[in-house]
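This report describes the strand pairing and the nonpolar packing of one protein chain. Please examine the sequence and the structure shown here before reading on.

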Amino acid sequence: MQLHEATPDDVSDVQQIARNSLNSTYTDFLEESTIDDALEEWYGESFTDELEDDHSFVLLVERDGDPVAFSQSDLIGDRHKTGRILWLHVDPDHRGGGTGVRLLVRTREKLLEEGAEQVQGFVLEDNEGGNQFYRDHGFEQAGQREVEIGDERFTENVYVEGDVDEEGWAAIDELEVDDGVVYVSFGEAARGVQAPFYRTYQTEERSELYGWFCGNCDSLDNAMDSMGRIECNSCGNRRKATRWDASYL
């Protein structure tokens, strides 16, 4: 999985992913005309201005060179200390393979790197899958707000991260390997040169370490030396020995 901040050259890809995502998920409770209004309002001519805003972020995911997902987030509030994840769109043909949770993790990391002290997530009340997604990955509903889509008003649920215990942020994803299933803990990250490395465990309870998952190329093929330096054997991503990993997230 490759991820980069979207540029004006990516607008058509973002628009297509958003269209596919909305049409596959929201047609149960949104009229087709309402979806068209939303696409024009959010990803029309004014969208380029958002890409140029220093406090707005659109992260685009590519797999094998094809754009498959994006997130839309921003920083607001006093000294821009609140990070908001406004949208996570995954093309329906690429759901179920961990793209969504990986995008959530990287978007959260981006907001924290930019100075956010709290991360919120927003999802329409009627989107059952989207609400469950946030609940499954360490967020708790904290309230609601009203949003306008075209000429209609809808209720949007507001999520905040739950209390982080000594085991770290609860964002665990299963990963199939040759000898079964392992569990990637996206709340336990170590900064790499190209992308973070994530601790991977043999069980969901995170009692026994299996290895490190490279966030740049999705590989578990890496080596660690006696100083704690990690290098991915697939893409060359490297982590230097450090004492501040625990505070990175």
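## Strand S2 and its surroundings

Of the 8 residues of strand S2, 7 are buried, so S2 is largely enclosed by the rest of the structure. Here buried means under 20% relative accessible area, exposed over 50% and partly exposed in between (1.4 Å probe, protein chains only). Helices (H or I, at least four residues) and strands (E, at least two) are DSSP runs, numbered from the N terminus. The model is predicted: local features need pLDDT of at least 70, side-chain atom pairs count only at pLDDT 80 or more, and totals for chains, interfaces and linings use all residues. Residues are numbered from 1 along each chain as its sequence is written, and side-chain values use heavy atoms, with hydrogens and water left out.

S2 has pairing partners, where pairing requires at least two DSSP bridges between two strands.

| Strand paired with S2 | Sense | Bridges |
|---|---|---|
| S1 (residues 2-5) | antiparallel | 4 bridges |
| S3 (residues 66-76) | antiparallel | 8 bridges |

Gln2 has Glu62 of S2 as its bridge partner, while Ser56 stands opposite Asp74 in S3. S2 and S3 form a hairpin with 2 residues between them, and Asp64 in the turn has a positive phi of about 55°.

The largest nonpolar core (buried Ala, Val, Leu, Ile, Met, Phe, Trp, Tyr and Cys residues joined through side-chain atoms within 4.5 Å) has 26 residues, of which Tyr43 and Phe70 touch the most other members. Elements supplying at least two residues each include helix H1 (11-25) and strand S2 (56-63). Apart from this core lies another, of 11 residues, among them Leu111 and Tyr159.
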